[in-house]
Structure formats: C-alpha cells, structure tokens
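Subject: Structure handover

Hi,

Here is the structure I promised to pass on. Have a look at it first, and then read my notes underneath.

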Amino acid sequence: MRVVRVLAILAIALHAGPAQATDRSQLRDRCWSPALLSGTLEEKKITKGVRTFDAPLPAMTLTPFAPVPKEWRGAIRRVKLPPGKKLVALTFDMCETPGQVTGYDAALVDYLRANGIKATFFSGGKWMRSHAERTQQLMADPLFEMANHAEAHRNLRLLSGNALSEEIEGPQRSYEVQRAALGARACVKDDPAFLSIPPRMGLFRFPFGACNQASLDAVNDAGLLAIQWDLSTGDPVPAQSAQAIADAMLRAKPGAIIIGHSNGRGFNTAEGLAIAIPQMKAKGYEFVTVSELLAQGTPEISATCYDTRPGDTDKYDTFFKPRPAQVEHKPAEKTDESIAPAR
Ligand SMILES: [Zn+2]
C-alpha cells in the first residue's frame with residue numbers, strides 16, 4: 001500500500017506517464033535553428049500600456065489530475081537529500097500583470113542552453129500567451145521544466161472563489177493550448193519525444209511569495225505542488241550586482257531551491273549565473289529541475305509562504321492600495337517577490 005502511495009506522489013512530482021524517450025533535443029532542433037532559439041537584449045525590455053493579452057483564456061477541458069496528498073501539502077521550500085547528493089534547483093519566475101508585457105531574458109536562457117544547465121521556469125498564464133513562441137521553445141527543451149506562476153500575478157491571499165481559481169487554472173489552460181500548438185507543428189508531428197513534454201504542469205509558485213491557508217488549499221486541491229524557495233538571488237533589486245547574485249548562489253546547500261527572474265524583472269541575473277555556476281560545478285553541485293530534485297529526496301514543507309521569514313510577504317496585502325503621498329515614492333521593482341538582497 002505504501003509503495004503505491006509513494007509511486008502516486010512521484011507521479012505528481014514527475015508528471016509521469018508511460019515510459020518514453022525524454023531527450024527531445026532533436027525535436028527542438030528540428031523546430032528551431034540556433035539563431036531562432038537565441039535572443040536579443042531587446043527582448044528583455046518591459047512594455048507598458050499593452051492590453052492585448054489581458055483577457056484570460058476561457059474555461060476548457062483540462063488534463064485530469066488528483067489533489068495533492070496530505071504529506072505533500074503546504075509550501076515546499078527545499079528538499080532534504082540523502083548524504084552526498086549535491087543537487088540544487090534553479091528556478092526563474094516570469095511574472096506578468098495586466099496592462100504590460102514583460103520581457104524574455106535571452107542572455108539567461110542562452111547561457112543555460114550553452115552550458116547544459118537544467119532549470120524550472122515559473123510562468124504566468126498571461127506571459128505564456130504574450131510569449132507563445134518562447135513558451136513552446138522552453139517546453140520543447142529537455143533541459144527545462146515549465147511551471148505555473150498564476151495567471152496575472154495577483155496576490156492570492158486577497159482572492160477567493162472564482163477569482164482565486166481563475167488565477168490558478170488560467171496558466172494550466174495557456175500551457176495546454178501551447179503544448180497542443182507545438183504538437184501540431186510539422187517539425188514535431190509523429191516524434192514520440194513529444195510525449196515526454198508533460199501534458200499538464202504539476203508545480204505552482206505563489207506571486208510575491210504570498211499565500212494563506214485558503215489559497216494554499218486551492219493550489220493543492222488543483223493537483224499542484226506549491227514550490228517556494230529557500231534561497232533568493234535578490235535579482236529584482238536594480239542595485240544587486242552580478243557578484244552579489246553569485247555570492248548568494250554560492251551559499252546554496254544541497255537540496256536548495258534558488259529563485260531568480262527571467263522576464264526582465266531580474267537585474268544582472270545571467271551575469272551572476274555565469275560567475276556562480278562554474279564555481280558550484282567545481283564544488284560538485286549538479287543542477288536539476290524541481291521535479292527531479294523532489295524525486296531524489298524529501299520536501300521540507302512550511303505551513304505558509306514567505307521569503308526569508310514567516311510573515312515577511314504579508315506586506316503585499318496592502319501594497320497596491322494607493323496611499324496619498326506614499327505611492328509616488330514606491331520603487332517599481334518592489335512589486336516583485338523575493339526583493340530582499342541576500343545577505
Ligand atoms: Zn512573480
């Protein structure tokens with residue numbers, strides 16, 4: 001009985017289907033030349049005043065799922081690994097709120113690809129619609145895992161009912177629509193490696209790193225593991241240098257879940273990775289996706305979500321309510337999670 005349960009949990013973590021080839025690099029390379037996969041600095045820019053992608057996709061039939069079982073419910077911050085295993089998971093958020101289109105950090109993704117570094121991208125449902133081609137490229141890449149970062153980056157602590165479920169389900173729709181579009185492309189058709197792209201996302205990250213019991217329950221009931229982090233690069237702060245990002249990363253312990261941004265909200269992230277990753281590799285660290293990390297150990301689960309200490313993301317509850325004479329002075333970068341420079 002216990003074995004069955006463990007297998008069921010692993011299936012959630014790995015979105016496992018029948019055994020199949022997992023190397024889809026040939027599929028990726030058939031669909032996109034190296035020039036099309038790589039990007040420009042221009043793509044990192046954030047464009048304000050664009051409402052083209054604001055409307056979420058209408059309800060649709062989604063891939064069936066089971067609610068997350070009791071022992072995996074809550075906010076997963078890191079993974080306890082057997083002694084000697086030096087694995088860490090790099091994660092990057094791609095947040096996007098209504099009325100703007102955020103960027104795509106090509107330097108970061110290109111660096112990961114060039115060096116064969118695995119990563120997990122927590123993507124907004126809206127971001128996947130405004131970056132459909134990039135979404136399909138990330139999905140097709142055997143190095144990368146796609147995960148849910150809410151529909152339009154709302155604070156889920158402040159939502160209930162339909163508004164809450166839309167924020168959780170919207171990205172699942174965007175993902176499944178993009179996966180189907182990828183599967184229909186002539187370059188993919190009949191390649192069994194396509195089946196290694198999970199039919200649904202199984203991981204979720206709360207915007208602003210903020211949750212409460214109701215939203216945590218809603219995410220877990222939707223068959224999504226809540227993946228927060230135990231180590232922040234601090235990259236949403238413009239003053240955060242590449243060296244400071246690298247210094248933060250170099251403090252990672254085995255089993256760490258590291259957060260950065262790959263949507264133009266991160267400053268110096270790619271440069272920081274380029275300093276830290278070779279040093280971490282030299283120390284014996286290996287980079288895996290969050291699902292692979294979970295499959296290797298036991299998640300360390302908190303009853304609530306936070307950045308560095310419980311309660312520190314509750315401040316976002318009042319953040320967007322305008323307060324005269326204060327609102328003008330709030331720096332824009334503080335609208336993102338994990339703002340505290342790592343010390
Ligand atoms: Zn975010």
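Below is what I found when I went through it.

One thing up front: this is a predicted model, and local features were considered only where pLDDT is at least 70.

**The overall picture**

The protein chain has 343 residues, and 45% of them are buried. I count 11 helices and 12 strands in the chain. If you take contacts between residues at least 6 apart in sequence, 86% of them join residues at least 24 apart.

The largest nonpolar core holds 71 residues. Phe121, Ala147, Phe204, Ala226, Ile227 and Ile258 have the most contacts inside that core. Strand E3 (residues 87-94) gives the core its largest share, with 5 residues.

**The strands around E3**

Strand E5 covers residues 119-123. All 5 of the 5 residues of E5 are buried, so the strand is largely enclosed by the rest of the structure. Ala119, Phe121 and Ser123 point to one side of E5, while Thr120 and Phe122 point the other way. So which strands does E5 pair with in the parallel sense? One is E3, over 4 bridges, and another is E6, over 5 bridges. If you want a residue pair to click on for each, Asp93 has Phe122 as its bridge partner in E5, and Thr120 stands opposite Glu145 in E6.

Ala147, one of the core residues with the most contacts, touches Thr120, Phe121, Phe122 and Ser123. Leaving aside residues up to four places away in sequence, its other contacts are Met201, Leu203, Phe204, Arg205, Ile227 and Val290. Phe121, Phe204 and Ile227 are also on the list of core residues with the most contacts.

Strand E10 (residues 257-261) is mostly covered too, with 5 of its 5 residues buried. Ile257, Ile259 and His261 point one way from E10, and Ile258 and Gly260 point the other. E10 runs parallel to E3, and 5 bridges join the two; Phe92 stands opposite Gly260 there. Strand E9 (residues 231-232) is also parallel to E10, joined by 2 bridges, and the bridge partner of Ser232 in E10 is Ile259.

**Helices**

How many of the 9 residues of helix H6 (residues 132-140) are buried? The count is 7, so to speak a mostly covered helix. The buried residues are Arg134, Thr135, Gln136, Gln137, Leu138, Met139 and Ala140. Their cover includes strands E5 (119-123) and E6 (144-148), along with helices H2 (25-31), H3 (34-37), H5 (125-130) and H7 (161-183).

Then there is a helix pair to look at. The axes of H9 (residues 242-249) and H10 (residues 269-282) come within 7 Å and cross at roughly 40°. That angle makes H9 oblique to H10, and the crossing is right-handed. On the H9 side the residues that meet H10 are Ala242, Gln243, Ile245, Ala246 and Met249. They meet Thr269, Glu271, Gly272, Ile275, Ala276 and Met280 in H10.

**Loops and backbone angles**

Most residues other than glycine have a negative phi. Two residues to check against that are His153, with phi near 55°, and Asp190, with phi near 70°. His153 is in the loop between E6 and H7, and Asp190 is in the loop between H7 and strand E7 (203-204).

Are these two buried or exposed? His153 counts as buried because it has 25 C-beta neighbours inside 10 Å. Asp190 has 6 C-beta neighbours inside 10 Å, so it counts as exposed.

Finally, Glu42 is in the loop between H3 and strand E1 (47-48). Glu42 is exposed, with 9 other C-beta atoms within 10 Å. Its C-alpha atom is separated by 9.0 Å from that of Ala106, and the two residues are 64 apart along the chain.

That's everything from my side.

Cheers

Terms used
Residues are numbered from 1 along each chain as its sequence is written. This is a predicted model: local features need pLDDT of at least 70, side-chain atom pairs count only at pLDDT 80 or more; totals for chains, interfaces and linings use all residues. A residue is buried if 20 or more other C-beta atoms lie within 10 Å of its own, exposed if 12 or fewer, and partly exposed in between; C-beta atoms are placed from the backbone. Two residues are in contact if their C-beta atoms, placed from the backbone, lie within 7 Å. A nonpolar core is a set of buried Ala, Val, Leu, Ile, Met, Phe, Trp, Tyr and Cys residues joined through C-beta atoms within 7 Å. Two strands pair if DSSP finds at least two bridges between them. Axes are lines fitted to C-alpha atoms, for helices over the stretch in contact, and angles run from 0 to 180 degrees between N-to-C directions. Angles under 35 degrees count as roughly parallel, over 145 as roughly antiparallel, 65 to 115 as roughly perpendicular and the rest as oblique. A crossing is left-handed if the near helix is turned anticlockwise from the far one by less than a right angle, and right-handed if clockwise.
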